[in-house]
Amino acid sequence: MQASLAQLSQIIVFAGLEIADKVKLQPDTLVQSYSKGEIILHEGDRLPEKLYAVVSGAIQVTKTATTGKETILRELATGEIFAAPALLGNGISPATVTAECDCEILTVQRHALLQTIQNQPEIALRMLMVFNTRIQQLHETVHGLVSERAIIRLTRLIQYFADTSGTETTSQGKTLKVKLSYYRMARSIGITYEECLRLIKSLNSVLAYSRGGKIIILDSEKLEAIASGNIDY
């Protein structure tokens, strides 16, 4: 199905794009639907020369090591672009992309995107800003895996989701809007399920965790102190 003007407007890098330019793009777009858990791209896939973006829902990007261990690299929501090698690299998917919930993925043919960039070069700048931010995040993740203790990585992960997904204030504290299972957190920071379970239990004065992945931040200041390394927890 061809993308609508409203769907093109959802994509961050197309923010501010004139309607006429969006209309020109439409014939070279495609929107496909995926169910929760369905794989969108496999690690090692040969990628067509297209821009990939999330029109609705959310996706999860994971990498599998030679040992078979799978790590969550990032999670992307509506408006985000992904699969940079399809446009800028060797055309091989460096990771597996999975639908975190029912979602829609938009693709734009490379030649059409380049034509649009000629008229609106700020699109290329926005894309570079996105990819630069992700490189910085990856650098911080790698640095954390090498030098930071697991408790610090875990508390920073919880802070990250509190900031990006939001929280709701209750009588107990701040409840994360996103659900985080032990398995998901462990895969995100490179530790085992068992270690994640142990660390969450050790934070019972800071966090409340309940079945289904519900997390309530009981003490934001203490969480920040641990994440900053100011408390030897």
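Two strands count as paired if DSSP finds at least two bridges between them. With that in hand, the sheets of this predicted model can be walked through one at a time.

Start with an open sheet of 4 strands, which has the order S1-S8-S3-S6 and antiparallel pairing. Strand S1 (29–34) and strand S6 (81–82) sit at the edges with a single partner strand each, so one side of each has no neighbour in the sheet. Strand S3 (residues 50–56) is joined to S6 by 2 bridges, and the two run antiparallel. Within that pair, Tyr52 of S3 has Phe82 as its bridge partner in S6. Helix H3 (residues 110–119) packs on this sheet, touching S3 and strand S8 (103–109). The direction of H3 makes about 70° with that of S8.

Thr107 gives a look at the inside of this region. The residue is found in strand S8 and has a relative accessible area of 6%, so Thr107 counts as buried, the cut-off being under 20%. Leaving aside neighbours within four places in sequence, Thr107 is in contact with Asp28, Thr29, Leu30, Lys50, Leu51 and Tyr52. Tyr52, then, turns up twice: as a contact of Thr107 and as the bridge partner of Phe82.

Next comes strand S4 (residues 58–64), which is mostly covered, with 5 of its 7 residues buried. S4 pairs with strand S5 (residues 70–77) in the antiparallel sense, over 7 bridges. One of the matched pairs here is Val61 with Arg74 of S5. S4 also runs antiparallel to strand S7 (residues 96–99), to which 4 bridges join it. On that side, Ile59 stands opposite Ala99 of S7.

Further along the chain, strand S12 (residues 214–217) pairs with strand S10 (residues 174–176) in the antiparallel sense over 2 bridges, and Lys174 has Ile217 as its bridge partner in S12. Strand S11 (residues 207–210) is joined to S12 by 4 bridges, and these two also run antiparallel. Ser210 is matched with Lys214 of S12. S11 and S12 form a hairpin with 3 residues between them. In the turn, Gly212 has a positive phi of about 100°.

Thr175 lies in strand S10. At 9% relative accessibility, Thr175 counts as buried. Setting aside neighbours within four places in sequence, the contacts of Thr175 are Gly166, Thr167, Glu168, Thr170, Lys214, Ile215 and Ile216. Among them, Lys214 is also the bridge partner of Ser210.

The last piece is a pair of helices. Two packed helices are described by the angle between their axes and the distance between the axes. The axes of helix H5 (residues 150–165) and helix H8 (residues 220–227) come within 8 Å and cross at roughly 130°. That angle makes H5 oblique to H8, and H5 passes H8 in a left-handed crossing. On the H5 side, the contact is made by Ile151, Ile152, Thr155, Arg156, Ile158 and Gln159; H8 brings in Leu223, Glu224, Ile226 and Ala227. Sorted by class, the contact of H5 with H8 has 6 nonpolar, 2 polar and 2 charged residues.

Note on methods: Residues numbered from 1 in each chain as written. Predicted model: local features only at pLDDT ≥ 70, side-chain atom pairs only at ≥ 80, totals over all residues. Heavy atoms only, no water. Axes fitted to C-alpha atoms, helices over the stretch in contact; angles between N-to-C directions. Parallel < 35°, antiparallel > 145°, perpendicular 65-115°, else oblique. Left-handed = near helix turned anticlockwise from the far one by under 90°. Contact = heavy atoms within 4.5 Å. Nonpolar A, V, L, I, M, F, W, Y, C, P; charged D, E, K, R; others polar. Buried < 20%, exposed > 50% of the residue type's maximum accessible area, 1.4 Å probe, protein only.
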